[in-house]
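Visitor: Could you take me through one part of this model at close range? I would like to see how the helices there pack, and then what lies elsewhere in the chain.

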Amino acid sequence: MTSQATHDQQTDPDTPDVDVIVVGAGMGGIYAVHRLVQSGLTVQGIEGAPSVGGVWHHNSYPGARVDVEGYYYSYFFDPDLYREWKWENRYPTQVELEAYLNAVADKHDVNRHFAFNNWVTEAQWVEHGAYYRVTTDAGLTVTARFLVMATGQLSKPRTPPFEGLEDFEGEWVQTANWPKRPVQLEGRRIAVIGTGSSGVQTVVETAKHADHLYVFQRTPNYSVPAHNGPISDEKHAHYAERVHDTWDSITGSFGGGGFPVGTVKASEMTPEEQQAKLEEHWAWGGQSMVGVFPDQGTDPQTNELVSEFVRKKVREIVRDPELAAKLEPKDYPIGTRRVAVDVGYYEVFNQDNVTLVDLKTEPIERITRTGIRTHSTEYEIDLIVFAVGFEAFLGSLDRAGIRNAEGRRPGDVWQRGPKTYLGLMTRGFPNMFILTGPGSPSVLANMFAGNVQHGDFVTDLLTYMNDHGYRRIEPTVEAQTEWSNHTQEVAKPLLRYGADNYMVHVNQDDQSRFFIPYVGGFNRYIQECQRVASNGYEGFEFK
Ligand code: NAP
């Protein structure tokens with residue numbers, strides 16, 4: 001805790017304790033604190049965990065690793081650090097990533113600005129003094145002119161939604177909040193519920209140890225091999241020589257993921273050329289399967305070509321045809337949800353100790369004292385692993401108890417979809433910034449790059465306000481409406497607009513949809529932010 005923070009402060013201060021409170025010490029919070037401090041502002045970081053890392057601290061489940069190559073999924077702001085840090089694997093593990101984030105925080109002396117083991121429980125905007133009063137579960141109270149929410153979009157795990165969990169006499173855990181004590185896998189009957197990216201990764205690792213593993217699948221997901229492997233010295237040297245070029249390629253691209261994307265439409269190729277192209281992307285692996293053809297995100301026929309190619313691979317890998325049919329992803333077009341990137345997912349279903357439980361034919365009825373009961377079967381289980389996803393986008397903001405002057409939470413004003421200006425601010429919540437928030441490229445772009453770009457934008461903006469003597473900022477209604485409309489215009493032509501998942505808000509009354517992240521491209525988004533800044537932060541209202 002820094003000296004600026006005070007405990008149990010009850011009265012409104014003439015001057016807030018600090019200029020900025022940053023909530024969260026993940027990749028966004030680490031960089032934001034670093035940049036803000038560097039620019040001369042006083043900063044209090046607040047983090048619930050005992051150390052930095054964010055999602056890469058909490059998601060320490062077996063098999064956890066990122067689905068973007070490490071030499072892209074990095075900070076670039078410190079070229080020396082980029083050159084010095086050698087990733088062990090093409091796709092770094094959670095262990096490597098947490099160590100990396102700690103190393104960055106240590107090198108840039110970020111930890112001393114954070115109060116760790118403090119979950120923010122209340123963040124109240126006080127209009128007459130134009131500041132936030134933030135309180136934590138550990139009894140810390142700090143006031144600040146600005147609030148930067150670096151709490152991530154996929155950080156509040158969904159509570160397991162199953163009846164009877166309190167009766168279960170075995171052990172249960174969540175991938176997104178994996179315990180720091182050892183969890184025994186060896187010799188146990190294990191259930192993994194959920195087959196998104198987290199479920200797929202944990203299944204592969206758990207299958208190596210479990211006496212028996214039951215994979216509870218509701219919707220079969222597309223999973224593509226990572227072709228992971230150790231990083232050679234030559235590969236490291238290659239990237240170490242190209243720090244600036246690699247950064248430019250990230251900020252100049254659609255998503256900054258560093259994977260190859262095809263430029264020739266499927267309709268302009270012969271069937272043989274199409275298959276060759278598909279094999280080429282399968283061999284490269286991972287997210288490259290969502291960019292085989294430039295029109296696969298909009299043209300259902302082209303998409304089906306790619307989707308069916310992956311299904312064919314599933315049939316080739318999984319020996320039992322009936323089992324393969326259940327694993328084949330058929331419910332949505334490939335790339336309209338995040339593709340899982342695996343190190344042998346479909347292969348585990350050839351193991352005798354692995355059983356797929358198809359929840360389409362036998363839905364879960366309840367958790368029992370000894371396991372899981374579906375419509376047709378009683379499964380005896382020692383350990384249940386919940387990989388059922390997150391309260392995306394809103395969960396971490398609600399958990400922090402943010403309230404505006406009228407006592408409303410962001411969730412109260414976002415009931416028909418989270419409308420923001422540039423994904424950074426939302427009308428009605430002055431002086432609050434959300435890093436990689438809804439309406440920015442967010443989960444559709446490289447999260448390191450997105451967080452750094454937002455950290456820079458916010459720091460420059462606060463410097464601008466300081467220079468002009470402004471104390472209060474809020475987006476105008478017009479700018480927010482125009483930006484929200486634009487985010488929907490770019491999303492509507494895409495197949496992913498129609499796919500249900502955490503990126504789409506669906507209004508239950510009329511089934512209208514609001515696509516949450518900005519899908520117009522990271523490169524285009526950056527240009528828009530630059531234009532806004534160079535026009536005197538057009539669209540923001542200053543006082
Ligand atoms: P997710 O993609 O939301 O997947 C949740 C899974 O739980 C889905 O299979 C879902 O089934 C299932 N599920 C939810 N409620 C259920 C219920 N009541 N009964 C049965 N099944 C249920 O969550 P995630 O796997 O944690 O991944 C979220 C995101 O985090 C990813 O898209 C990715 O962006 C990120 N992530 C990345 C990595 C990586 O970099 N490698 C790793 C993990 C996560 P339905 O599909 O039927 O809803």
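Guide: Happy to: we start with helix α14 and its packing partners, then visit a few other places. Please keep in mind that this is a predicted model.

Two packed helices are described by the angle between their axes and the distance between the axes. Let us take the pairing with α1 to begin with. Helix α14 covers residues 447–468 and helix α1 covers residues 27–38; their axes are 9 Å apart, at an angle of about 30°. Angles under 35 degrees count as roughly parallel, so α1 is roughly parallel to α14. The handedness of this crossing is right-handed. If you would like to select the side chains yourself, α1 contributes M27, G28, Y31, R35 and L36, while α14 contributes M447, F448, N451, V452, G455, D456, T459, D460 and L462. Sorted by character, the residues of this contact are seven nonpolar, four polar and three charged.

Now look at α14 again, this time with α16 as its partner. Helix α16 runs over residues 522–534, and it packs with α14 at an angle of about 0°, the axes being 12 Å apart. The two helices are therefore roughly parallel to each other. Here the α14 residues are A449, G450, Q453, H454 and F457, and they meet F522, Y525, I526, C529 and A533 of α16. This contact divides into seven nonpolar, three polar and no charged residues.

From α16 we can step across to helix α7. That helix spans residues 243–251, and T251 lies in it. Setting aside neighbours within four places in sequence, T251 is in contact with F522, N523 and I526. Two of these names may look familiar: F522 and I526 are also among the α16 residues that meet α14. Along the chain T251 and R524 are 273 residues apart, but their C-alpha atoms are separated by 9.2 Å. T251 also has a polar contact within its own stretch of chain, where its side chain reaches the backbone oxygen of D248 at 3.4 Å.

For another helix pair, turn to α8 and α9. Helix α8 holds residues 271–284 and helix α9 holds residues 300–317; their axes come within 11 Å and cross at roughly 60°. This crossing, too, is right-handed. On the α8 side the contact is made by Q274, Q275, L278, E279 and W282, and on the α9 side by L305, V306, F309, V310, K312 and K313. Those residues divide into six nonpolar, two polar and three charged.

Next comes a strand. E171 is found in β8, which takes in residues 171–174. Its side chain makes a polar contact of 2.8 Å with the side chain of R188. Beyond neighbours within four places in sequence, the contacts of E171 are R181, V183, R188, D382, L383 and I384.

Let us finish at the ligand. It is surrounded by 25 residues, and the closest are R65, S198, T219, R337 and Y502. Y502 has a side-chain N or O atom 2.6 Å from an oxygen atom of the ligand. For R218, an N or O atom in the side chain is 2.8 Å from an oxygen atom of the ligand. T195 takes part through its backbone instead, with an N or O atom 2.9 Å from a ligand oxygen atom.

Note on methods
Residues are numbered from 1 along each chain as its sequence is written. This is a predicted model: local features need pLDDT of at least 70, side-chain atom pairs count only at pLDDT 80 or more; totals for chains, interfaces and linings use all residues. Side-chain values use heavy atoms; hydrogens and water are left out. Axes are lines fitted to C-alpha atoms, for helices over the stretch in contact, and angles run from 0 to 180 degrees between N-to-C directions. Helices (H or I, at least four residues) and strands (E, at least two) are DSSP runs, numbered from the N terminus. Angles under 35 degrees count as roughly parallel, over 145 as roughly antiparallel, 65 to 115 as roughly perpendicular and the rest as oblique. A crossing is left-handed if the near helix is turned anticlockwise from the far one by less than a right angle, and right-handed if clockwise. Contact means heavy atoms within 4.5 Å. Ala, Val, Leu, Ile, Met, Phe, Trp, Tyr, Cys and Pro count as nonpolar, Asp, Glu, Lys and Arg as charged, and the others, Gly among them, as polar. A residue is near a molecule or strand if one of its heavy atoms lies within 4 Å of it. A polar contact is a pair of N or O atoms within 3.5 Å; within protein, one must be able to donate a hydrogen and the other to accept it, and residues adjacent in sequence count only if both atoms are side-chain atoms.
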